[in-house]
Every structure is written in C-alpha cells, then in structure tokens.
Amino acid sequence: MATYHLQLPRMGESVSEATVVKWLKQPGDRIEEDEAVLEVATDKVDSDVPSPVSGVLKEQLFAENAVAQVGDVIAVIEVAGVDPGESTDSRESASPVAAPTEAEPHGIPGVEQLERAEPQSQGTDGRFYSPLVKNIAAEEGITTQELDTIAGTGSEGRVTKQDILDYLEQRKTAIIQTETIQSPPPPVDGDRPGTASPAANAPIVEHTAPTVKVSPQDEIIEMDRMRRLIADHMVRSVHTSPHVCSFVEADVTNLVRWRNKIKDAYEKREGEKITFTPMFVEAVSKALRDFPMVNVSVNGSQIIKKRNINIGMAAALPSGNLIVPVIKHADQLSLVGLSKAVNDLANRARGNKLKPDDTQDGTFTLTNIGAFGNIMGTPIINQPQVAILAVGTITKKPAVIETEHGDLIGIRHLMYLSLSYDHRVVDGALGGRFVKRVADYLENWDINREI
C-alpha cells in the first residue's frame with residue numbers, strides 16, 4: 001500500500017491559511033476520487049477540500065478548529081494499486097493542489113507583478129510571511145524588524161493571522177497603559193486664582209474600553225467565526241481609510257418603466273428573473289471606465305491602478321452575516337450576462353456553495369440597502385478597495401419636471417446613491433463626479449432598449 005499526502009490547496013489570491021471546520025471523513029473511511037474529505041474556512045469563504053485520489057483515510061493531521069497553512073499536509077490517504085516503489089514525493093508533485101503556472105503578465109509595468117506575488121514573503125531574518133500577514137502588518141504600521149520579533153505558531157514557526165492579531169491586541173493594551181493621561185498635580189499654595197495653565201484645566205481622558213454591565217436578564221451571544229472576521233475587517237477598514245461620503249438623488253423612472261415592460265418576457269425566455277442589481281452593476285462599470293482612478297488600491301505610498309473591473313456585490317446570508325461575491329470583468333458582460341452572474345452568485349451565497357475564487361480580486365463593491373427598505377446609508381469600504389456604493393430603495397415622489405413648455409409637477413421614481421471613498425486617494429471632486437456619473441447612466445436609461 002502506498003500513501004498519498006493530501007495538502008491544503010491554494011484557496012485564492014492572498015489566502016495563505018485556513019481553519020479546519022469539520023472532517024467529513026474519519027480514519028478508516030473509504031474516499032473516492034474528487035470526494036470531499038473536510039470543510040475548511042478562510043477569512044473569505046468556507047469550502048470543501050476534495051481528494052484527488054481514491055483510497056482509505058489513514059490519518060488526520062489537523063484537529064477541528066486548528067489552522068493550517070497552504071501546502072501543509074493535512075491528511076494521509078492509503079492508495080491501493082500503486083507501485084510500492086513509487087515515491088510519495090513524485091505523487092505529490094503530480095497533485096492538482098500544486099499552484100498552476102501563470103502566463104507572463106503584461107500591461108501596466110509593476111502592477112500585475114504585485115498582484116501575482118509569490119505566496120510567501122521573506123523577512124530580514126529569513127522567516128517567511130504570508131501575503132495576508134504582510135498586508136495586516138502594513139496596515140497597522142508594523143515594520144519588518146518588528147514582525148520578525150513575533151513568535152509564530154504555524155508550521156516551522158511561521159506567523160499566522162491569529163499570531164499577528166494577538167500581537168496587535170497586546171500592543172494596543174500596552175499603548176493604552178502608557179498613553180493614559182494622569183491627573184495634573186494640585187496647584188502650589190500661594191498660586192493666584194485664575195492663573196492655572198490650559199493644560200491644568202483640561203479634562204482627564206483615559207483611553208480604555210468602556211465596561212459593559214450585564215444583568216441577569218441579558219442574553220450573551222458568542223460571535224460565530226464569520227461574524228468575528230467581519231468585525232475585524234470592518235475595524236481595520238475604518239482604521240486604514242479616512243472615510244468620506246457623497247450623495248446623489250437619481251430619477252430612475254425610465255429604468256423602472258423599462259424593467260416593468262420587459263421582465264415577464266425576460267423571465268419566460270431566460271427562466272429567471274431580472275432584478276435592478278445588474279443594471280446598477282452596469283452603470284458602475286461604465287463609470288469606472290470613465291473614472292479609472294476610483295478603480296484603484298493603495299499599497300503604502302503607491303497607488304495601484306487596476307486593469308480589470310471586478311464588482312463585488314454584498315449579499316446577506318440566512319445567518320445574518322455578510323459575504324461579498326465578485327463579478328469578474330463586469331464591464332465586458334452584457335446585461336443578460338450580468339443578470340445571470342448576479343443570480344448565480346446570490347443563489348450560491350444563500351446556499352453556502354461559493355468557491356474561494358468567487359470572493360477574490362474585487363476592485364469595487366456595490367451594496368443594495370434598498371432591498372431592506374433603506375433610503376440611504378454610509379457603507380464601510382471593503383479593503384483593499386477605495387470606494388463602495390450603496391443604492392437605496394426606489395420610491396415614488398412628487399418632483400419638478402422641466403419641459404420646453406415650462407416646469408411641471410409629476411410623480412417620479414427616485415432613489416439615493418451613497419458613495420463612501422478613501423480620502424487618501426479619492427478627493428471630493430473625483431468622488432462626487434463619479435457618483436453623479438453613475439446616476440446619469442441610470443437616469444438616461446433607454447426606454448426602448450432591447451435585451
């Protein structure tokens with residue numbers, strides 16, 4: 001009997017580790033080729049790990065809730081009918097978990113090379129760090145020298161995401177202790193009243209977290225893994241980007257009338273409904289082509305101008321959590337293609353069937369808060385992007401209509417667009433012009449458009 005070492009496969013760009021959520025097979029169980037062996041979770045999405053060979057599970061090398069690095073051997077499988085002289089190394093080299101060779105990048109010099117970086121980066125002392133760890137370090141201002149001092153709990157002493165988050169929490173506590181402003185000393189006897197310095201009269205500020213009181217009637221709910229990841233992602237986003245918001249009210253009467261006119265025929269022809277979301281995605285894609293400096297990311301003092309337009313759409317899960325699947329090359333899809341992509345991703349998100357690649361490489365995010373009856377919102381940027389657009393509910397309102405014969409009052413379908421953007425690289429003029437351009441595309445919708 002030969003053995004096959006099942007490795008944790010690559011789970012998409014920038015993902016270097018995963019948590020073992022559940023073993024679907026136990027030692028002694030028969031495994032067929034391409035059958036799922038275990039469920040793993042990253043900070044992006046949950047996924048199954050299939051076996052590329054048939055055999056019997058001999059050993060589980062990681063317990064549930066343990067964190068494994070990409071490339072780690074996570075299970076040993078006995079494989080029948082294999083030449084005993086064949087080495088495990090040769091079989092592993094043929095394993096489909098090996099990273100595929102990518103074509104030589106072309107286009108903007110230095111951009112694709114950055115996006116397609118090797119899975120590991122080396123520190124000053126020869127240690128290797130995953131892109132996720134390096135990104136967190138860059139966002140938190142941790143130097144390479146400081147990173148080298150963090151004790152790693154990963155394979156061969158590598159620093160995992162949890163290691164660096166624990167370090168940041170410890171550093172935060174130390175800063176709080178050293179930055180607590182002490183009460184000023186009392187004035188010396190003989191000081192004249194009214195001559196105290198402004199600092200002496202300043203209120204005492206303590207940088208400590210507020211204490212939460214829990215009464216016997218309160219219910220304590222522990223955050224699940226995804227909610228903790230979302231919370232961490234949101235806090236880091238606000239810490240990283242100075243958020244600014246711009247708002248535009250759009251008259252989408254023509255858009256509403258057009259959809260009402262074609263939706264029944266479209267559903268009969270395509271077998272699925274057409275919602276407003278693909279129309280919003282199309283307008284955003286066009287505006288990003290017009291204003292490419294919104295389709296960027298920030299890397300230290302560098303602005304990375306993205307060549308592809310990949311639109312993430314925030315989707316609420318039945319659990320109440322949030323996930324952002326991505327429509328790749330949205331600007332190259334027809335409206336029918338966008339509609340099918342939106343429906344497919346939304347359905348698979350609700351069924352917890354998204355693949356790791358489905359949540360990768362987004363360059364801009366759209367969130368439809370109108371689905372919950374909200375008129376507007378101020379969304380938090382989905383890092384490392386620099387902008388996110390919220391679309392509110394479409395409501396009927398009386399509005400002034402300008403005609404060649406004078407102004408009239410009519411009933412129109414109006415909605416608010418809310419753009420949050422990173423003021424480090426997107427100024428008010430650019431952000432305001434961008435969201436206005438999105439509104440223009442929606443307002444000028446061709447009522448006679450064929451689909």
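I411 sits in strand β21, which covers residues 406-422. This is a predicted model, so everything below describes a computed structure. Is I411 buried or exposed? With a relative accessibility of 57%, I411 counts as exposed, because the cut-off for that class is over 50%. Setting aside residues up to four places away in sequence, I411 touches K396, K397 and P398. There is also V400, eleven residues from I411 along the chain, and the C-alpha atoms of these two are separated by 8.8 Å.

Now step back to the whole protein. It has eleven helices and 21 strands. Of its 451 residues, 39% count as buried. Take the contacts with a separation of 6 or more: residues 24 or more positions apart account for 63% of them.

Where do the nonpolar residues gather? The largest nonpolar core has 57 residues. Those with the most contacts inside this core are I311, I327, F364, L389, L417, F434 and V438. Helix α10, residues 335-350, gives the most to the core, with eight residues. Let's look at I327 up close. Leaving out its neighbours within four places in sequence, I327 is in contact with V281, I309, N310, I311, M313, L333, L338, A341, V342 and L345. A second, separate core has 20 residues, and L8, V20, V49 and I77 are among them.

Next come the helix pairs. Two packed helices are described by the angle between their axes and the distance between the axes. Start with α9 (residues 277-290) and α11 (residues 428-443): their axes come within 9 Å and cross at roughly 130 degrees. That angle makes α9 oblique to α11. The crossing of α9 past α11 is right-handed. On the α9 side, the residues that meet α11 are M279, F280, A283, V284, K286, A287, L288 and D290. Their partners in α11 are F434, R437, V438, Y441 and L442. Sorted by class, the residues of this contact are ten nonpolar, no polar and three charged.

Helix α9 also packs against α10, at an angle of about 120 degrees and with the axes 9 Å apart. α9 and α10 are therefore oblique to each other, and their crossing is right-handed. Which residues make the contact? From α9 come T277, P278, M279, V281 and E282, while α10 brings L335, L338, S339 and V342. The contact of α9 with α10 has six nonpolar, two polar and one charged residues.

Finally, a few backbone details in the loops. The peptide bond from Q383 to P384 is cis, with omega near 5 degrees. P384 lies in the loop between β18 (364-368) and β19 (387-391). Two other loop residues have a positive phi although neither is a glycine, and here they are side by side:

| Residue | Phi | Loop | Relative accessibility |
|---|---|---|---|
| N65 | about 80 degrees | between β6 (55-60) and β7 (67-69) | 64%, exposed |
| D361 | about 70 degrees | between α10 and β18 | 38%, partly exposed |

Why does N65 count as exposed? Its relative accessibility is 64%, and exposed means over 50%. D361, at 38%, counts as partly exposed because that class covers values from 20% to 50%.

Notes. Residues are numbered from 1 along each chain as its sequence is written. This is a predicted model: local features need pLDDT of at least 70, side-chain atom pairs count only at pLDDT 80 or more; totals for chains, interfaces and linings use all residues. Side-chain values use heavy atoms; hydrogens and water are left out. Axes are lines fitted to C-alpha atoms, for helices over the stretch in contact, and angles run from 0 to 180 degrees between N-to-C directions. Helices (H or I, at least four residues) and strands (E, at least two) are DSSP runs, numbered from the N terminus. Angles under 35 degrees count as roughly parallel, over 145 as roughly antiparallel, 65 to 115 as roughly perpendicular and the rest as oblique. A crossing is left-handed if the near helix is turned anticlockwise from the far one by less than a right angle, and right-handed if clockwise. Contact means heavy atoms within 4.5 Å. Ala, Val, Leu, Ile, Met, Phe, Trp, Tyr, Cys and Pro count as nonpolar, Asp, Glu, Lys and Arg as charged, and the others, Gly among them, as polar. A nonpolar core is a set of buried Ala, Val, Leu, Ile, Met, Phe, Trp, Tyr and Cys residues joined through side-chain atoms within 4.5 Å. Buried means under 20% relative accessible area, exposed over 50%, partly exposed in between (1.4 Å probe, protein chains only).
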